[in-house]
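Here is a short tour for someone meeting this structure for the first time. Have a look at it, then read on.

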Amino acid sequence: MTPHRSPREVFLALVTGVAEGRWEELPDLYAEQTNVVHPFDPMRGPALRSRDELRAHFAPTGTGPALDRRATNITIHETVDPEVVIAEFEYQGTADGKPFTQPGIFVLRVRDGEIVSSRDYFDHVTGAAIRGRLDDLVAAVKARG
């Protein structure tokens, strides 16, 4: 039997997979039933609760600028709970040749090598700006009231 990946290893596989655009592989890092929330999402999107929902979440849209990014400035804090890590990091790169930095913090619970819950704290405003969608985001937030 192959040992399961540690929470640290799962986090690194996740941010590296995102940076490299390996979208098809990312849902397999999560348990079949999971709970992924984005507390800073300005649109207050619902939790992602299954691999199928994550598959849809990670599906490339084919729109937006060409991104070249890497995960940098990674600090992983191990906690007294062996299933939980808190990871600080940044995606740094270029969008259509323009440099960007997008900070994030993930609080992951990993059981048997799979993410069973995650709280992903991202700078969504910077993310929208990177993708040339800042005006769309502002309009959507205004429309919500």
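## R111 and its partner

Let's start with R111, which is partly exposed at 39% relative accessibility. This is a predicted model, so take everything below as computed from that prediction. R111 pairs up with E83 in a salt bridge, and their closest N and O atoms are 2.8 Å apart. The two come from distant parts of the chain: E83 is in the loop between β3 and β4, R111 is in strand β5, and 28 residues separate them.

## A network of charges

There is another pair to look at here. D81 and R109 meet through their side chains in a salt bridge, at 2.9 Å from N to O. D81 sits in the loop between β3 and β4 while R109 belongs to strand β5, so this bridge ties together parts 28 residues apart in sequence. D81 is partly exposed, with 26% relative accessibility, and R109 is partly exposed too, at 25%.

How are D81, E83, R109 and R111 linked? They belong to a network of salt bridges. As background, side chains of opposite charge can pair when their charged atoms come close.

## A bridge from strand to helix

How many salt bridges does a search of the whole structure find? The count is 10. One more that is worth finding on screen joins E114 to R51, with the closest N and O atoms 2.7 Å apart. It connects distant parts of the chain, as E114 is in strand β6 and R51 is in helix α2, 63 residues away.

Are the two partners buried or partly exposed? E114 has a relative accessible area of 26%, so it counts as partly exposed. R51 comes in at 16%, under the 20% cut-off, so it is buried.

## Helix α1 and what it packs against

Now turn to helix α1, which covers residues 7–20. Its 14 residues, at 1.5 Å a residue, should span 20 Å, and the C-alpha atoms at its ends are indeed 20 Å apart, so expectation and model agree. Right after α1 comes G21, with a positive phi near 70 degrees.

Which residues of α1 are buried? They are P7, V10, F11, L14, V15, G17, V18 and A19. A helix rule is handy when you look at such a list: an α-helix has 3.6 residues a turn, so residues three or four places apart point the same way. The buried residues of α1 pack against quite a list of elements: strands β1 (30–37), β3 (67–78), β4 (84–95), β5 (98–111) and β6 (114–122), along with helix α2 (51–58).

## H38 in its loop

Head next to H38, in the loop between β1 and β2. Is H38 buried or exposed? Its relative accessibility is 19%, and since buried means under 20%, H38 counts as buried.

What does H38 touch, once its neighbours within four places in sequence are left aside? Its contacts are L48, H57, D120 and H124. With D120 there is also a polar contact between the side chains, at 3.4 Å.

## A nonpolar patch outside

Finally, take a look at the surface. V125, L134 and V138 make up a nonpolar patch there, and together they have about 210 Å² of accessible area. V125 is part of helix α3, residues 124–130. With a relative accessible area of 45%, V125 is partly exposed.

How values were computed:
Residues numbered from 1 in each chain as written. Predicted model: local features only at pLDDT ≥ 70, side-chain atom pairs only at ≥ 80, totals over all residues. Heavy atoms only, no water. Patch = residues over 30% accessible without salt bridge, like charges linked within 9 Å, V, L, I, M, F, W, Y side chains within 5 Å. Areas by Shrake-Rupley, 256 points an atom, 1.4 Å probe, with all protein chains shown as cover. Salt bridge = Lys/Arg side-chain N within 4 Å of Asp/Glu carboxyl O. Helix = DSSP H or I, 4+ residues; strand = E, 2+ residues; numbered from the N terminus. Buried < 20%, exposed > 50% of the residue type's maximum accessible area, 1.4 Å probe, protein only. Expected span 1.5 Å × (residues − 1). Contact = heavy atoms within 4.5 Å. Polar contact = N/O pair within 3.5 Å; in protein donor to acceptor, adjacent residues only side chain to side chain.
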